[in-house]
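Open the model in a viewer and keep the sequence panel visible. The stops below say what to select and what is found there.

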Amino acid sequence: PENRRMEPGEVWRNLIPVYNLVWLTVTVERVAESLRAEFAVRDLDDPGEDYGRRTGIRVLMLLASGLLFYPILLTYPAAVIQALRYRGQMNRYAERLKDDFAVLRPRRLEDEGW
């Protein structure tokens, strides 16, 4: 919780029409910042890693361009592909954090003297 850049309940704001056009960008940015902070605390941070920021913004750009211009038949399938890629990245980050937690948990208990 100390590394979160937004509260879990704020994600529901993405369901509000029109408002979500801005809030989706905020969500992508804050999730990336939260992941960076968590990986840094666990000493797993890679300086070149963007934690899904580029892929998430790419999805939003493709969706927005489909709203503004005619080539919706080209941009939305590309957006779906990028969204699946983004979801895969988030799943990999979750697995890395889960694996690290499983490894660190016994050490933390030993360090406390229990």
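A charge counts as sitting over a ring if NZ of Lys or CZ of Arg is within 6 Å of the ring centre and within 35 degrees of the ring normal. With that in hand, select R13 and W23: the charged end of R13 sits over the ring of W23, at 4.8 Å from the ring centre. Keep in mind throughout that this is a predicted model.

**Whole chain**

Now zoom out and show the chain as a cartoon. It has three helices and zero strands, and the pattern along the sequence is α-α-α. Helix α1 covers residues 20-41 and helix α2 covers 53-68, while helix α3 covers residues 72-111. Of the 114 residues in the protein chain, 32% are buried. Switch to a surface view: the accessible surface comes to about 8200 Å², and carbon and sulfur atoms account for 64% of that area. If you draw a contact map, take the contacts between residues at least 6 apart in sequence; 54% of them join residues at least 24 apart.

**The nonpolar patch**

With the surface still on, select V18, L21, V22, L67, L68 and F69. These residues form a nonpolar patch on the surface, and together they have about 690 Å² of accessible area. Helices α1 and α2 each supply at least two residues of the patch.

Two members merit a separate look. V22 is found in helix α1 and is exposed, with a relative accessible area of 59%. V18 is found in the segment before α1, and its relative accessibility of 64% makes it count as exposed. Check the backbone of V18 as well: its phi is positive, about 70°, although V18 is not a glycine. Most residues other than glycine have a negative phi.

**Inside helix α1**

Which residues touch V28, leaving aside its neighbours within four places in sequence? Select V28, in helix α1, and display what surrounds it. The contacts are G52, R53, G56, I57, L60 and Y86. V28 counts as buried because its relative accessibility is 9%, and the cut-off for buried is under 20%. For a distance label, join the C-alpha atoms of V28 and R54: they are 9.1 Å apart, and the two residues are 26 residues apart along the chain.

Move to T27, which also lies in helix α1. T27 is buried too, at 10% relative accessibility. Not counting residues up to four places away in sequence, T27 touches M6 and N14.

**The aromatic cluster**

Select F39, Y51 and Y93, which form one aromatic cluster. The count of aromatic pairs comes to four. One of them is Y51 with Y93, a tilted pair with 5.4 Å from centre to centre and 45° between the planes. Y51 lies in the loop between α1 and α2 and Y93 lies in helix α3, so the pair ties together parts that are 42 residues apart in sequence.

Is Y51 buried or exposed? Y51 is buried, with a relative accessible area of 1%, and Y93 is buried as well. Y51 also has a positive phi, about 55°, although it is not a glycine.

**Salt bridges**

Side chains of opposite charge can pair when their charged atoms come close. How many salt bridges does a search of the whole structure find? The search finds six, and three of these are shown here.

- Select E38 and R42. They form a salt bridge with the closest N and O atoms 2.8 Å apart, and both residues are buried.
- Select D45 and R36. Their closest N and O atoms are 3.7 Å apart in a salt bridge. D45 is partly exposed, with a relative accessible area of 35%, and R36 is partly exposed at 27%.
- Select E95 and K98. This salt bridge has its closest N and O atoms 3.4 Å apart. The two residues are three residues apart in helix α3, which means that about one helical turn separates them. E95 is partly exposed, with a relative accessible area of 39%.

Notes. Residues are numbered from 1 along each chain as its sequence is written. This is a predicted model: local features need pLDDT of at least 70, side-chain atom pairs count only at pLDDT 80 or more; totals for chains, interfaces and linings use all residues. Side-chain values use heavy atoms; hydrogens and water are left out. Helices (H or I, at least four residues) and strands (E, at least two) are DSSP runs, numbered from the N terminus. Buried means under 20% relative accessible area, exposed over 50%, partly exposed in between (1.4 Å probe, protein chains only). Contact means heavy atoms within 4.5 Å. Accessible areas come from the Shrake-Rupley method with a 1.4 Å probe; for residues, only the protein chains shown count as cover. Patches are made of residues with over 30% relative accessible area and no salt bridge: like charges are joined within 9 Å, nonpolar side chains (Val, Leu, Ile, Met, Phe, Trp, Tyr) within 5 Å. A salt bridge is a side-chain nitrogen of Lys or Arg within 4 Å of a carboxyl oxygen of Asp or Glu. Rings of Phe, Tyr and Trp (its six-membered ring) pair if their centres lie within 6.5 Å; planes under 30 degrees apart count as stacked, over 60 as edge-to-face and the rest as tilted.
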